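Me: Please take a close look at one part of this protein, the surface patch and the strand that contributes to it. Then follow that strand into the rest of the chain and describe what is found there.

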Amino acid sequence: MTPITTPLGDFNITAKVGEKYLTRTIHVGYYAYSLNFVTKEKNAEVDNTIQYQFNITNEGDVNDNFTFYLTNIPNNWDYSFSPNVARLHPNQSVDIKLNITISNNAQAGNYTIFPLVFSQY
């Protein structure tokens, strides 16, 4: 089976309704992003806030909004992203800060936390 590929770009679609012709332009876009983590590992004590920083770039050819979440974060820990939504034009980048507050009853150990990035598409 051969996969069907759709070319990217603008396409004019015309429909005839009665004696009228209606034409619309449809854009088939390319959606992609890249991440570059400035900080990856940190040590911290209980009841402290640590900050990570990463850069996101809209590698696509359309405007896009990106939102951020964390998985695998322990109970009673808090986190926030700043900004919490990145609204980017094609080839535009922004630095994102992630603040994680460790609970006052956290056990000593190594924790692995995974950031999730979602496109509006």
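Reply: In this predicted model, Tyr 69, Tyr 79, Leu 116 and Phe 118 make up a nonpolar surface patch. Together these four residues have about 360 Å² of accessible area. Leu 116 belongs to strand S9, which covers residues 114-119. With a relative accessible area of 32%, Leu 116 counts as partly exposed, because that value falls between the 20% limit for buried and the 50% limit for exposed.

Strand S9 also holds Ser 119. The relative accessibility of Ser 119 is 27%, so this residue is partly exposed. In sequence, Ser 119 is 86 residues from Tyr 33, yet their C-alpha atoms are 8.6 Å apart in space.

The strand leads on to the largest pocket. This pocket has a volume of about 710 Å³. It is lined by 27 residues, and those closest to its centre are Lys 42, Ile 50, Tyr 52, Tyr 111 and Thr 112. Strand S4 (49-58), strand S8 (93-101) and S9 are the elements that each give two or more residues to the lining. S4 provides the largest share, 3 residues. Sorted by class, the lining has 17 nonpolar, 6 polar and 4 charged residues.

The next stop is the loop that follows S4. Gly 60 lies in this loop, between S4 and strand S5 (64-71). Gly 60 has a relative accessible area of 5% and is therefore buried, the cut-off being under 20%. Its C-alpha atom is 5.6 Å from that of Pro 90, although 30 residues separate Gly 60 and Pro 90 along the chain. Asp 61 sits in the loop between S4 and S5 as well. Unlike the buried Gly 60, Asp 61 is partly exposed, with a relative accessible area of 34%. Asp 61 and Ile 50 are 11 residues apart in sequence, while the distance between their C-alpha atoms is 34 Å. Ile 50 is one of the residues named above as closest to the centre of the largest pocket.

Further along the chain, some backbone details stand out against a general background. Most residues other than glycine have a negative phi, and most peptide bonds are trans. Asn 76, in the loop between S5 and S6, has a positive phi of about 70° although it is not a glycine. At 58% relative accessibility, Asn 76 is exposed, because the value is over 50%.

Asn 91 is found in the loop between S7 and S8. Its phi is also positive, about 65°, and again the residue is not a glycine. Asn 91 has a relative accessible area of 63%, so it is exposed.

The peptide bond is the other point to check. Between Ser 82 and Pro 83 this bond is cis, with omega near -5°. Pro 83 is placed in the loop between strand S6 (78-82) and strand S7 (85-88).

To return to the part you asked about, the patch consists of Tyr 69, Tyr 79, Leu 116 and Phe 118. Leu 116 places strand S9 in that patch, and S9 is also among the elements that give two or more residues to the lining of the largest pocket.

Methods
Residues are numbered from 1 along each chain as its sequence is written. This is a predicted model: local features need pLDDT of at least 70, side-chain atom pairs count only at pLDDT 80 or more; totals for chains, interfaces and linings use all residues. Side-chain values use heavy atoms; hydrogens and water are left out. Patches are made of residues with over 30% relative accessible area and no salt bridge: like charges are joined within 9 Å, nonpolar side chains (Val, Leu, Ile, Met, Phe, Trp, Tyr) within 5 Å. Accessible areas come from the Shrake-Rupley method with a 1.4 Å probe; for residues, only the protein chains shown count as cover. A salt bridge is a side-chain nitrogen of Lys or Arg within 4 Å of a carboxyl oxygen of Asp or Glu. Helices (H or I, at least four residues) and strands (E, at least two) are DSSP runs, numbered from the N terminus. Buried means under 20% relative accessible area, exposed over 50%, partly exposed in between (1.4 Å probe, protein chains only). On a 1 Å grid over the protein atoms alone, a cavity is a set of points where a 1.4 Å probe fits but cannot get out, and a pocket is an open set with protein on both sides within 12 Å along at least five of seven lines; lining residues have an atom within 4 Å of a point. Grid points are joined across faces, edges and corners, and a volume is the space filled by probe spheres set on the points. Ala, Val, Leu, Ile, Met, Phe, Trp, Tyr, Cys and Pro count as nonpolar, Asp, Glu, Lys and Arg as charged, and the others, Gly among them, as polar.
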